[in-house]
Amino acid sequence: MWRVARLVAAKDLRIEWRSRVVTNQVVPFAVLVLVMFAFALDVESVLQRVAPGLVWLAVMFSQFFLVQRAFAVETSDGALDALRVAGVDPAGVFLGKALALMAQLASLVILLLVGAVLLYRAEIRADGLVLLVTAACSATAGLAAVGTLYGGLTAGAKGRETLLPLLLAPVVAPVLIAAARATEAALGTAGTALGDGWPWVGVLATFAVAFGVVGTVAFGPLIEE
Amino acid sequence: MEDLGFIAASYVLTLGSIAALARWTLRRGRRLARTLRREELPWT
Amino acid sequence: MAVTTQPVQTERPATGRVTATGTRVTRWLAVACWLGAGWLLLAGLVLSPPDVVQGDSVRIMYAHVPSAWIAYLAFVVTAVSSAAYLWPRTRSLTWDRIAGASAEVGVLFMGITLVTGMLWGRITWGVFWQWDPRLTTTAFLFVTFAGYLAVRGLGGSHEQRARRSAILGLLAVVEIPLVHFSVVLWRSLHQEASVLNPNGDVQLDGFMLFTLFTGVLVFTLFYLWLVLHRQRVLWLQDHHDDSGLDEALSARRAEEGTP
């Protein structure tokens with residue numbers, strides 16, 4: 001299973017490296033979202049206060065595109081069906097795709113945090129770094145797991161593009177809440193104490209593990225014909 | 001009764017939407033069953 | 001002398017005067033729930049006393065609370081039916097249809113819960129909405145099962161639909177505690193003086209409690225009535241789709257037969 005996962009993850013990342021769809025389309029979109037929030041919300045002190053929340057909102061919106069992209073590469077030539085028919089372990093496919101997605105999401109998070117520092121005057125403090133990195137890793141893991149699972153569920157179905165956000169948004173709500181609160185604690189936004197962030201990391205970790213396990217088990221039956 | 005408007009609206013919406021779903025379901029059932037005979041239905 | 005015989009009418013059409021999906025059970029249920037609804041209106045609006053604190057607005061509770069419980073019941077049934085479908089030994093499309101019918105009725109009752117809750121909240125709190133854990137999780141449940149119904153409409157074979165929906169139905173069971181817990185944790189940050197909860201500060205006296213239970217009973221009857229009919233209509237829909245396919249196939253074969 002892990003061998004398959006490694007191969008699939010490498011394949012997905014290589015496809016992205018060659019086609020640069022994420023770097024050329026999704027990243028600019030995410031940065032644009034940050035800019036649009038500034039237009040919409042106007043007041044600079046407000047922006048600084050809500051910067052963590054806005055970062056994770058932008059991540060969430062970008063996640064929809066990343067998941068659709070992750071499965072578009074499979075369904076365009078029937079590659080997913082070919083993998084399935086060839087008897088490749090579906091759990092491995094799930095883990096591989098989730099890992100690749102996590103890598104893409106993580107890079108996006110880093111970029112958006114830099115964007116928040118530049119655009120919203122967010123301040124990243126040194127003693128909050130451990131919390132920030134832990135929170136970001138567990139959040140992206142959870143988003144990747146649940147995104148791969150729901151992407152598989154809607155893959156190849158007519159009208160799935162608009163359905164995926166509708167299904168995914170309520171499910172990732174806990175991640176949005178938890179990641180934003182943990183980031184607030186890490187950054188010290190509005191005087192939030194560092195210690196307040198760790199319960200939220202617990203939520204994020206639980207989410208990631210729960211959907212990691214569920215996805216590994218459910219992905220096979222899901223892509224079966 | 002004060003706030004009668006809100007209270008009445010609650011009950012009207014509640015029972016009204018139940019009745020609407022029921023009506024839609026029963027009509028759809030009639031339409032779909034038009035080509036079948038009674039004996040073919042598994043619940044009779 | 002010619003003897004003419006009338007052909008015996010053995011073929012009865014499936015559609016009756018009112019329903020095609022009705023049976024004796026559903027007729028009794030219908031009578032029971034609508035009579036019960038009348039009784040609920042009488043008890044709730046006229047016979048039961050206004051609340052000491054909230055006055056007459058408490059009467060909305062008799063519609064709001066039972067519909068919430070029935071919605072939860074409906075989703076539990078959907079989850080159990082989904083599991084029953086996925087379990088190889090009990091796999092049957094009937095479970096899939098029950099899951100779908102129950103989810104539809106559940107979404108209806110959840111919608112009723114949210115709307116009546118908002119009306120009640122407007123009177124008691126002055127606002128239509130509050131971000132407290134229960135309301136937020138309720139709204140989340142509503143959207144999740146609306147999404148479930150959308151997935152059921154995605155198309156494909158009956159088995160594909162059943163499998164997809166069943167997995168989704170069970171995923172909801174995982175999601176709901178996660179969301180609820182996150183929201184509880186989130187709202188505990190805000191230290192609101194009291195999370196105002198309309199039926200939190202209502203003292204239920206004897207008759208009010210009785211009316212509440214009447215509401216639960218009546219709504220349960222409505223649930224059973226609606227799900228029975230809806231589930232049968234889904235059978236008819238599936239049957240209709242299948243026979244449409246059969247007709248298309250036999251028409252195609254007939255075409256091929258002619259040189």
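Two residues count as in contact here when their C-beta atoms, placed from the backbone, lie within 7 Å. The model on screen is predicted.

**Stop 1: chains A and C.** Select both chains and display the residues that meet under that cut-off. On one side are 21 residues of chain A, and on the other 20 residues of chain C. Now keep only the chain A side and colour by secondary structure. Two elements there, helix 7 (160-187) and helix 8 (197-223), each supply at least two residues. Helix 7 of chain A is the main contributor to this side, giving 9 residues. Recolour by residue class: the side of chain A that touches chain C holds 19 nonpolar residues, 1 polar and 1 charged.

**Stop 2: chains B and C.** Hide chain A and bring up chain B. Of the 2 pairs of chains that touch, B and C share the most contacts. This contact draws 36 residues from chain C and 31 residues from chain B.

Select the chain C side next. Which elements give two or more residues to it? They are helix 1 (24-47), helix 2 (61-86), helix 3 (93-124) and helix 6 (206-257) of chain C. Helix 6 of chain C accounts for the largest share, 10 residues. By class, the side of chain C that touches chain B splits into 18 nonpolar, 11 polar and 7 charged residues.

**Stop 3: chains A and B.** Show chains A and B and hide chain C. No contact joins chain A and chain B. To check the gap, look for their closest C-alpha atoms, which lie 24 Å apart.

Terms used: Residues numbered from 1 in each chain as written. Chains lettered and ligands numbered in written order. Predicted model: local features only at pLDDT ≥ 70, side-chain atom pairs only at ≥ 80, totals over all residues. Helix = DSSP H or I, 4+ residues; strand = E, 2+ residues; numbered from the N terminus. Nonpolar A, V, L, I, M, F, W, Y, C, P; charged D, E, K, R; others polar.
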